[in-house]
Amino acid sequence: MLWEMLNAARDLGRVQEIAGVLIRYGFGSFVHLLGIGNALEKVGRTLHWQHADEYGKMDTAPRMRRVLEELGPTFIKVGQILATRVDLFSEPFITEFGKLQDQAPPMDFAELLPQLEDDLGGKIDEIFLEVDKKPIAAASLAQVHRAVLQDGTEVVLKIRRPGIRRIIEADLRLLARLVDIIEADAVEFRRYHPREVVRQITQSLRRELDFAAECRSAERVAANLAEDSNIVIPKVYWEWTGERLNVQEYIHGIPGKNLVMVDQAGLDRKLLAERGTHAVIKMIMEDGFFHADPHPGNVFFLPNNKLAFIDFGMVGRLTEERREQVVSFLYGMVNQTPAKVVEILEDWSDVIKTDEQALAIEIEAFVDQYSSLPLKDLSLPMMMGDLMSILRDHNLSLPPDLALLIKAYITLDGLGRHLDPEFQTLEFASPYIRDLMVSRYKPDAIAKRGWRNLISVVDMLSSFPKELHQLLRASRKGAIQVDINVRRLDYFIDKTDRAISRLTMGIVTAALIIGTSIIMTVRGGPEIMGLPIFGFFGYLFATMGGIWLLFSIWRSGKSR
């Protein structure tokens, strides 16, 4: 499998670059484990193993961050997405991944201009009165410039970096192949659910590359918050917006990180924290569609204590069923019913067998510890960190939507404390959550759930005769198939395929030697180096086959 990976010549240079960075930061054992080093050397690429201990004294988490930074845009995004998996990685890793800044050296505007005018469908002078060629921000995926429309409206142009999709798709191919190797050979890494994580990374990155999708997310949030006059979402100018270009309203506000300007403007920090928290809680618990990264860099403060949210590249979704589960989970926590909490955690996880008794004991201790604290003394990040630690100890993981929810909630808590160190997100949100619990048991809500369940049952019963008929008909035709997915089976099939290839080559080589020897007994005809021409080429091909065979056997032994 690894050989197939390296046979993809278009990615060979990138594989060598990744291996070199891993070795430099002391992850040479991982390169060995994956067999990348041996395979690269077999195709003539060299790795500088002598740098392996250069960063060996650093802790693992910061070294991982440095590796991701050095590997470029895709892996920076990977780190940012991994920072949302609080259920898989411990706090030091989450902290380091959270430090990954999506910044990149700015590109010359002239390099962006051909793509920009192609997306606009005309010259920029025909559409804008003015375009500031100095970027407002430069990130790994895009660069942002201020511009003025012909009617004097100020806008921002978020321009995707030319060629970035090709780079990211190449890295995603490598990540997909890496997952295959890990699933087959690196058992100790399976607890991190590599296939699920890479699937999440792939979906998230492709979504972020599509600026039109980001704008649709912004408009959906704007529609959901339309009745909240304290929240502003930038307007999208769809006539020029597409996959590679986002044209949206320019926000004149105070950047979320600049608290000095907030104080100078006379804004009420506590009120800002409350309004921001209220908006995000509504997105999560009522709308089920939320800004997943509400950190200060994605917020502007406006006059009259209003807030503007920008950058909807990372959004989360919660189905109604999931929101009900979250409410049940919180209900179990508040009412100190660990059994209910354990039941929901097991429903969320894909692990079939857990030590329920041990999990229940730990959850009970967790609930006792935090339910006795007054809300004002409760640290949300610490509480979630302890809960995630329990999940990791029992090899339980959360679905990506819930992991993103927890990350968003912790980020929101950080935004609140950034504005007002005394602000308690959980205390502020508590009445809201309590209302949700109460509303869940109102007659109309119960009737709605009952009606929904009744429809499901009726649908199931009404479709049962038809499905039974289809099953019987398929049985009569012998068309019933059972798919069994055995993870290690692919690995053994690959090994068997290689063995059969070597056996076939051995038989062909032997046949060439025997046939050529027979030909050599017949003299006459053209000769090369004193040998009959067919005999010469017969021995030549047999020699080449033999060398390939020996090399293949030697390579197989080295890669074990």
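Modeller: A residue is buried under 20% relative accessible area, exposed over 50%, and partly exposed in between (1.4 Å probe, protein chains only). The model is predicted, so local features need pLDDT of at least 70 and side-chain atom pairs pLDDT 80 or more, whereas totals for chains, interfaces and linings use all residues. Numbering starts from 1 along each chain as its sequence is written, and side-chain values use heavy atoms, without hydrogens or water.

Biologist: How many salt bridges does a search of the whole structure find?
Modeller: A salt bridge places a side-chain nitrogen of Lys or Arg within 4 Å of a carboxyl oxygen of Asp or Glu. Searched as a whole, the structure yields a total of 18.

Biologist: How many residues apart in sequence are the parts that glutamate 96 and arginine 65 tie together?
Modeller: Their side chains form a salt bridge at 2.5 Å, N to O. Glutamate 96 belongs to helix 7 (91-98) and arginine 65 to helix 5 (60-71), so the pair links parts whose separation in residues is 31. Helices here are DSSP runs (H or I, at least four residues), numbered from the N terminus.

Biologist: Is arginine 165 buried or partly exposed?
Modeller: Arginine 165 meets glutamate 169 in a salt bridge of 3.5 Å, N to O; both lie in helix 10 (164-185), four residues apart, about one turn. Glutamate 169, at 19%, is buried. Arginine 165 has 27% relative accessibility and therefore counts as partly exposed.

Biologist: Which residues are joined into one network by salt bridges that share partners?
Modeller: Aspartate 263 and arginine 269 pair at 2.7 Å, N to O. The network with shared partners consists of Arg160, Arg165, Glu169, Arg206 and Glu243.

Notes. Helix = DSSP H or I, 4+ residues; strand = E, 2+ residues; numbered from the N terminus.
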